[in-house]
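Here are my notes on the packing and the internal space of this model. Please read them with the structure open.

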Amino acid sequence: MAITYIQNIKRLVDGELVDGTVTVEDGKIIELDGPMPENQGIIQVIDGSGNFLSPGFVDVHTHLREPGFEHKETIATGSASAARGGFTTICAMPNTKPVPDSVENMQLINGLIKDSAVIRVLPYGSLTKDISGEERTDMEALKAEGAVAFSDDGIGIQLASTMYEQMKEAARLDMIVVAHCEDNSLIYDGVMHEGKRNVELGLPGIPSICESVQIARDVLLAEAAGARYHVCHVSSKESVRAVRDAKAAGIRVTAEVCPHHLLLEEMDVPSDDANWKMNPPLRAADDKDSLHAALLDGTIDCIATDHAPHTVEEKCCGMVGAPFGIVGFETAFPLLYTAYVKTGKWTLQQLVDWMAAKPAEIFNLPYGKIEVGASADFTIINLEKEMIIDAEGFVSKGRNTPFNGRVAQGWPVLTIFEGNIAYQEAE
Ligand SMILES: [Zn+2]
């Protein structure tokens with residue numbers, strides 16, 4: 001019997017931080033706030049030093065790059081980076097090489113995850129073969145191999161009929177369709193938001209309609225198909241309105257927002273620096289405001305990082321030639337805690353729910369909550385600890401962040417996955 005006793009921690013009970021303990025046996029929580037077990041053989045005792053014990057975070061939108069792009073990230077480095085950020089369950093997007101679009105490829109990816117992930121990694125299956133938007137995948141077969149949901153993230157599904165057919169199949173299988181919404185005819189080779197700052201910098205812009213028109217199309221398709229539909233990284237006020245209207249109409253739609261879209265806007269982009277290039281781009285101040293309002297009123301359901309590592313060489317030389325994406329695992333909680341909980345705009349409970357319970361609930365995963373019988377997935381966070389973000393010190397292979405040099409407070413010091421330590425801060 002493997003027993004772990006975590007003492008000297010604070011946990012959130014009905015929105016309040018209270019002193020507590022957690023007893024774990026064989027990877028599951030068996031008691032909350034109980035005494036140290038006696039006569040149970042060898043007990044591992046973890047002292048939380050009075051810090052906050054949060055449920056391990058759940059990230060439904062991540063890119064681990066393996067197989068195929070191991071120079072950017074691997075399942076080992078990506079999952080370790082996530083553990084450092086307090087995540088214990090992450091869903092891996094299918095834009096790898098090969099793409100998990102067949103039983104064989106799904107088995108290959110599951111094997112890699114089993115071999116090297118330090119936390120729970122749940123792979124997506126793709127909606128179309130090779131994420132080409134053309135030939136549809138056999139979703140039933142991919143579900144049987146453990147696909148957590150279906151997405152072609154990185155590219156929008158251009159043909160409505162392809163999306164409609166896969167939504168009908170997803171509804172039959174009781175699976176979720178997760179969409180990166182982007183109409184290719186409206187991208188215009190853009191690299192940042194089409195607004196004011198791109199003109200100042202002389203860079204091609206991506207208009208907000210590139211995203212919003214496809215969301216508007218998809219929610220109507222989801223209604224017709226009776227499908228569960230989840231929108232990735234909502235970035236514009238028009239997109240928020242489309243999701244809000246769809247929810248009001250009773251359509252089964254949920255949505256996520258990324259930390260960078262909450263924290264930054266187009267005018268923050270300092271120069272033609274590819275560490276500020278991501279898709280969708282940082283939009284205008286009123287877009288950012290609408291994302292905040294949407295999160296608070298429940299139009300947007302959860303926060304996801306869209307962790308997207310690239311090499312220094314790929315990001316070195318301006319936006320036009322660089323790939324889209326920034327890393328996010330190791331900075332998400334401290335940045336949001338510092339900007340919104342410390343300032344009283346959000347409660348700690350809200351932030352933790354958006355990063356743990358809510359995404360788990362949307363994806364029907366039995367994680368993200370601390371309760372007897374649940375998997376022992378936690379992160380212990382020092383809410384007082386202040387640190388300068390240093391990309392060179394990331395566990396991720398990626399250094400591509402616009403937040404390098406920022407001061408943030410509230411850092412995970414210990415992450416526990418299924419009762420075992422997955423990350424521990426160096427002394
Ligand atoms: Zn995407």
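1. The largest nonpolar core has 89 residues. Tyr229, Ile303 and Trp346 make the most contacts inside this core. Among the elements, α10 contributes the most, with 7 residues. Domain 1 (3-53 + 375-424) and domain 2 (56-362) both supply residues, so the core lies between them. Please keep in mind that the model is predicted.

2. What does Trp346 touch, once residues up to four places away in sequence are set aside? The list runs to Leu262, His292, Leu295, Leu296, Ile303, Leu336, Tyr340, Val341, Leu351 and Trp354. One of these, Ile303, is itself among the residues with the most contacts inside the largest core.

3. Another core lies apart from the largest one and has 17 residues. Its members include Val58, Cys232, Cys302 and Ala304. As background, nonpolar side chains tend to be buried together in soluble globular proteins.

4. Next, the enclosed space. The count comes to 5 cavities of 30 Å³ or more. The largest cavity holds about 80 Å³ of space, and 14 residues line it. Glu66, Ala92, Met93, Thr96 and Ile109 are the lining residues nearest its centre. Two elements, α2 (103-116) and β7 (120-123), each give two or more residues to this lining.

5. How does the lining of the largest cavity divide into nonpolar, polar and charged residues? The split is 11 nonpolar, 1 polar and 2 charged. Glu66 falls in the charged class and is one of the residues nearest the centre of this cavity.

6. The second largest cavity has a volume of about 50 Å³. Its lining is made up of Pro259, His260, Thr305, Ile326, Val327, Gly328, Thr331, Ala332, Leu335 and Phe403. Here the elements giving two or more residues are α8 (259-263) and α10 (332-341). By class, the lining has 6 nonpolar and 4 polar residues, with no charged ones. The helix α10 thus appears twice in these notes: it gives two or more residues to this lining, and it gives the most to the largest core.

7. Thr331, one of the residues lining the second largest cavity, sits in the loop between β14 (302-303) and α10. Is Thr331 buried or exposed? Its relative accessibility is 4%, and buried means under 20%, so Thr331 counts as buried. Apart from neighbours within four places in sequence, Thr331 is in contact with Ile389 and Phe394.

Key. Residues numbered from 1 in each chain as written. Predicted model: local features only at pLDDT ≥ 70, side-chain atom pairs only at ≥ 80, totals over all residues. Heavy atoms only, no water. 1 Å grid on protein atoms, 1.4 Å probe; cavity = no way out; pocket = protein on both sides within 12 Å on 5 of 7 lines; lining within 4 Å. Points joined across faces, edges and corners; volume = space filled by probe spheres on them. Helix = DSSP H or I, 4+ residues; strand = E, 2+ residues; numbered from the N terminus. Core = buried A, V, L, I, M, F, W, Y, C linked by side-chain atoms within 4.5 Å. Buried < 20%, exposed > 50% of the residue type's maximum accessible area, 1.4 Å probe, protein only. Domains from an automatic or database assignment. Contact = heavy atoms within 4.5 Å.
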